[in-house]
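This briefing introduces a protein structure to a reader who has not met it before. Please view the sequence and the model together before reading on.

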Amino acid sequence: MISNPILGYKLDPGEPGLPYSAPASQSVLRVLSQEISNLIAFKREAFREGGYVVYSNIHLDMKKRGSFLAAVAGRTQVFIYKPASSEGSSNLNSDLQTQQQEIERKILELQSKLEKETDPLKKEKLKEDIKRLELALNMLRTSFSVPELLVGILLDSLV
């Protein structure tokens with residue numbers, strides 16, 4: 001006998017959308033549509049602030065519910081590049097240094113997590129995140145300001 005339970009969903013605090021339920025057979029569509037709307041919102045926000053989305057990732061947590069493999073949760077990850085403004089070189093240099101220090105701190109944090117992690121899948125994910133941050137750090141150091149170059153470099157490195 002086929003079992004198709006109704007799954008209830010909650011939104012993260014501050015997340016736009018409606019927390020409606022869906023049967024397990026339609027859960028992937030339900031969660032994916034919410035995550036895609038989150039991605040679009042991030043892209044809109046980046047565009048409004050003069051930035052560009054250079055990387056995005058949608059992850060669905062899948063579990064068996066009734067007779068179906070169902071999406072029980074989702075997560076959207078976005079990396080946004082905001083070109084530095086030309087309002088004064090001292091502010092520009094200090095902003096770049098602050099951004100570089102923040103990225104370096106995050107890389108060190110992820111490397112320490114990587115050393116402690118035992119799950120091979122989580123290790124691989126941490127390695128990918130470290131590579132992306134190192135790429136972003138290198139772009140900041142070379143002061144790329146043309147987003148097309150950034151997108152091209154990121155695509156080349158990820159393929």
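The points below cover the overall fold, one helix, the nonpolar cores and one pocket.

The structure is a predicted model. Its protein chain contains four helices and four strands, arranged along the sequence in the pattern β-β-α-β-β-α-α-α.

**Overall fold**

- The protein chain has 159 residues, and 25% of them are buried.
- Of the contacts in the protein chain that link residues at least 6 apart in sequence, 49% are between residues at least 24 apart.

**Helix α1**

- Helix α1 runs over residues 27-48 and has 22 residues.
- From its first C-alpha to its last, α1 reaches 32 Å, which is close to the 32 Å expected at 1.5 Å a residue.
- The buried residues of α1 are Ser-27, Arg-30, Val-31, Gln-34, Glu-35, Asn-38, Leu-39 and Ala-46.
- These buried residues pack against four strands, namely β1 (6-7), β2 (22-23), β3 (52-65) and β4.
- After α1 comes Gly-50, which has a positive phi, near 80°.

**Nonpolar cores**

- In soluble globular proteins, nonpolar side chains tend to be buried together.
- The largest nonpolar core has nine residues: Ile-103, Ile-107, Leu-110, Leu-114, Leu-126, Ile-130, Leu-133, Leu-137 and Leu-140.
- Two helices, α2 (89-116) and α3 (120-142), are the elements that each give two or more residues to this core.
- The greatest contribution to this core is that of α3, with five residues.
- Another core, of seven residues, lies apart from the largest one, and its members include Leu-7, Ala-24, Val-31 and Ala-71.
- Val-31 thus appears both in this second group and among the buried residues of α1.

**The second largest pocket**

- The volume of the second largest pocket is about 360 Å³.
- Two elements, α1 (27-48) and β4 (68-81), give two or more residues to the lining of this pocket.
- The lining of the second largest pocket consists of 20 residues, and those nearest the pocket centre are Asp-12, Glu-15, Glu-35, Asn-38 and Gly-74.
- Helix α1 supplies the largest share of this lining, with eight residues.
- By type, the lining residues comprise eight nonpolar, five polar and seven charged.
- Glu-35 and Asn-38, which lie nearest the pocket centre together with Asp-12, Glu-15 and Gly-74, are also among the buried residues of α1.

Terms used
Residues are numbered from 1 along each chain as its sequence is written. This is a predicted model: local features need pLDDT of at least 70, side-chain atom pairs count only at pLDDT 80 or more; totals for chains, interfaces and linings use all residues. Side-chain values use heavy atoms; hydrogens and water are left out. On a 1 Å grid over the protein atoms alone, a cavity is a set of points where a 1.4 Å probe fits but cannot get out, and a pocket is an open set with protein on both sides within 12 Å along at least five of seven lines; lining residues have an atom within 4 Å of a point. Grid points are joined across faces, edges and corners, and a volume is the space filled by probe spheres set on the points. Ala, Val, Leu, Ile, Met, Phe, Trp, Tyr, Cys and Pro count as nonpolar, Asp, Glu, Lys and Arg as charged, and the others, Gly among them, as polar. A nonpolar core is a set of buried Ala, Val, Leu, Ile, Met, Phe, Trp, Tyr and Cys residues joined through side-chain atoms within 4.5 Å. Buried means under 20% relative accessible area, exposed over 50%, partly exposed in between (1.4 Å probe, protein chains only). The expected span of a helix is 1.5 Å times one less than its number of residues. Contact means heavy atoms within 4.5 Å.
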